[in-house]
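The exercises below concern one structure, shown next. Work through each task before reading its solution.

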Amino acid sequence: MSQSLPHNSLQHITILGATGSIGTSTLDVLARHPDKYQVFALTANRNIELLIEQCQQFKPQYAVLPEQALAQELQQSLAAKGIDTQVLWGQDQLEFVASHQQVDTVMAAIVGAAGLLPTLAAVKAGKKVLLANKEALVMSGAIFMQAVKEHGATLLPIDSEHNAIFQCLPEHFVEQGIQSCGIKNIVLTGSGGPFLTKPLDEFSAITPEQACAHPNWDMGRKISVDSATMMNKGLELIEACWLFDVMPSDIDVVLHPQSIIHSMVRYQDGSVLAQMGNPDMRTPIAHALAFPERIEAGVDALDFMAISQLTFDKPCYERYPCLKLAAQAMQQGGNAPARLNAANEIAVQAFLDEQIRFTDIALVIQQTLSQTAYDKAETLASVLEADRQARQVAETIIQELNS
Ligand code: NAD
Ligand code: MG
């Protein structure tokens with residue numbers, strides 16, 4: 001998964017999803033190290049105001065938006081400010097800036113399936129890929145990991161749990177496989193989100209605002225809802241299986257509400273290695289950017305005296321049915337994770353748009369999985385088709401729920 005890159009020259013970086021929570025945290029870290037990193041391209045969906053500010057500060061060669069009209073608006077605003085960033089638009093151009101020969105490192109921080117093709121383009125160009133966009137890997141796990149191997153890409157996890165696991169594994173795990181490194185299992189921690197202790201009979205009245213108010217992390221709205229349902233942990237379970245070449249049975253999911261231990265590796269000799277830190281994504285971002293070196297991330301030192309306690313508990317499937325659906329999808333394999341992910345994206349958006357209740361999210365996913373067909377997902381085309389079909393079925397289920 002990893003190999004060292006020459007680290008004495010300026011690294012050129014493309015950030016896919018620069019205006020999001022991970023994108024802005026990445027730019028915060030980069031701004032602390034102008035001697036090490038130079039921004040090559042920034043991409044966004046709709047937030048032009050923020051993208052203008054970012055172009056002003058980081059002077060990228062390219063900025064990319066999905067739509068032509070927005071791109072023209074951005075180009076005019078930049079020209080008026082005397083910024084000579086070239087604005088491009090469309091899917092092909094996302095892939096262009098992700099795979100450009102001048103780029104060393106790509107931060108994959110688009111949310112959802114929209115990030116799959118540009119992230120894969122970076123992988124196929126053999127880049128150092130910092131993976132925040134877990135949905136891309138969940139959808140296309142086998143194909144994605146095969147492409148990493150074939151094209152000699154360096155894949156480093158940004159998700160705090162996976163970054164923690166990566167830090168707790170021995171260096172040679174990539175070559176030898178985790179099974180021959182004396183490892184017993186992986187402990188994937190999760191805070192349990194904002195509804196850890198909420199009575200179950202109040203779940204159907206949960207509002208988007210309540211679901212997005214995560215106690216420890218400040219994140220985009222989709223992943224915040226995923227954290228509240230614990231689908232996020234489910235997606236992370238699948239992500240961990242692919243990243244570390246293990247099965248769900250090799251991973252214990254443990255509730256740890258304080259989010260101080262970001263995950264652990266249990267060894268056969270009884271040792272447990274944990275990675276700790278304040279819940280701030282700049283730590284895994286800085287770790288992956290500088291790997292194998294370490295750089296300043298702007299994160300406060302962990303104050304042990306201020307932490308009154310670290311607690312652990314077992315997650316309950318009645319409270320978090322999405323976690324179970326994800327574990328089952330990984331067990332089933334093939335296109336099941338892609339269908340699960342697509343149904344979840346549609347259901348979460350419908351919940352955020354106040355079309356369905358919080359408790360309907362798991363229902364929509366479960367029904368979508370049973371109404372769509374299994375296939376081995378051996379080609380990218382079949383993954384994209386499974387994604388398309390599951391979205392369509394989920395939309396229909398949501399319409400029926402509302403009729
Ligand atoms: P966000 O919603 O804050 O940002 C998403 C970014 O993607 C924005 O820049 C947006 O413009 C862009 N985007 C959205 N839809 C797009 C589309 N259709 N085409 C092109 N660009 C599009 O999300 P986030 O919280 O930064 O999360 C990004 C990814 O990182 C997600 O996959 C998430 O699961 C993962 N992640 C986030 C965190 C976190 O703390 N925020 C932690 C771990 C993993
Ligand atoms: Mg995470």
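**Exercise 1.** Identify the polar contacts that the protein makes with ligand 1, and list the closest residues around this ligand.

Solution. Start at N45: one of its backbone N or O atoms lies 2.8 Å from an oxygen atom of ligand 1. A polar contact here is a pair of N or O atoms within 3.5 Å; within protein, one must be able to donate a hydrogen and the other to accept it, and residues adjacent in sequence count only if both atoms are side-chain atoms. Next, a backbone N or O atom of G20 is 3.1 Å from an oxygen atom of ligand 1. At T19 the side chain is involved, with a polar atom 2.8 Å from a ligand 1 oxygen. Finally, 21 residues surround the ligand (a heavy atom within 4 Å), and the closest are T19, S21, N45, E135 and G220.

The model is predicted: local features need pLDDT of at least 70 and side-chain atom pairs pLDDT 80 or more, while totals for chains, interfaces and linings use all residues. Residues are numbered from 1 along each chain as its sequence is written, chains are lettered from A and ligands numbered from 1 in the order written, and side-chain values use heavy atoms, without hydrogens and water.

**Exercise 2.** Describe the setting of T43.

Solution. First place T43: it is found in strand β2 (residues 37-43), strands being DSSP runs of E with at least two residues and helices runs of H or I with at least four, numbered from the N terminus. Then take its accessibility. T43 is buried, with a relative accessible area of 1%, where buried means under 20%, exposed over 50% and partly exposed in between (1.4 Å probe, protein chains only). Its side chain reaches the backbone nitrogen of G17 at 3.0 Å. Beyond neighbours within four places in sequence, its contacts (heavy atoms within 4.5 Å) include I15, V64, L94 and I110.

**Exercise 3.** Which residues coordinate the magnesium ion (ligand 2), and which parts of the chain does the pair D159 and E236 tie together?

Solution. The donors come from D159 (OD), E161 (OE) and E236 (OE), at 2.1 Å. Donors are N, O and S atoms within 2.8 Å of the metal (3.2 Å for Na, K and Ca); water is not among the atoms, so sites may look incomplete. D159 lies in the loop between β7 (154-157) and α7 (160-168) and E236 in helix α11, so the pair ties together parts 77 residues apart in sequence. Both D159 and E236 are buried.
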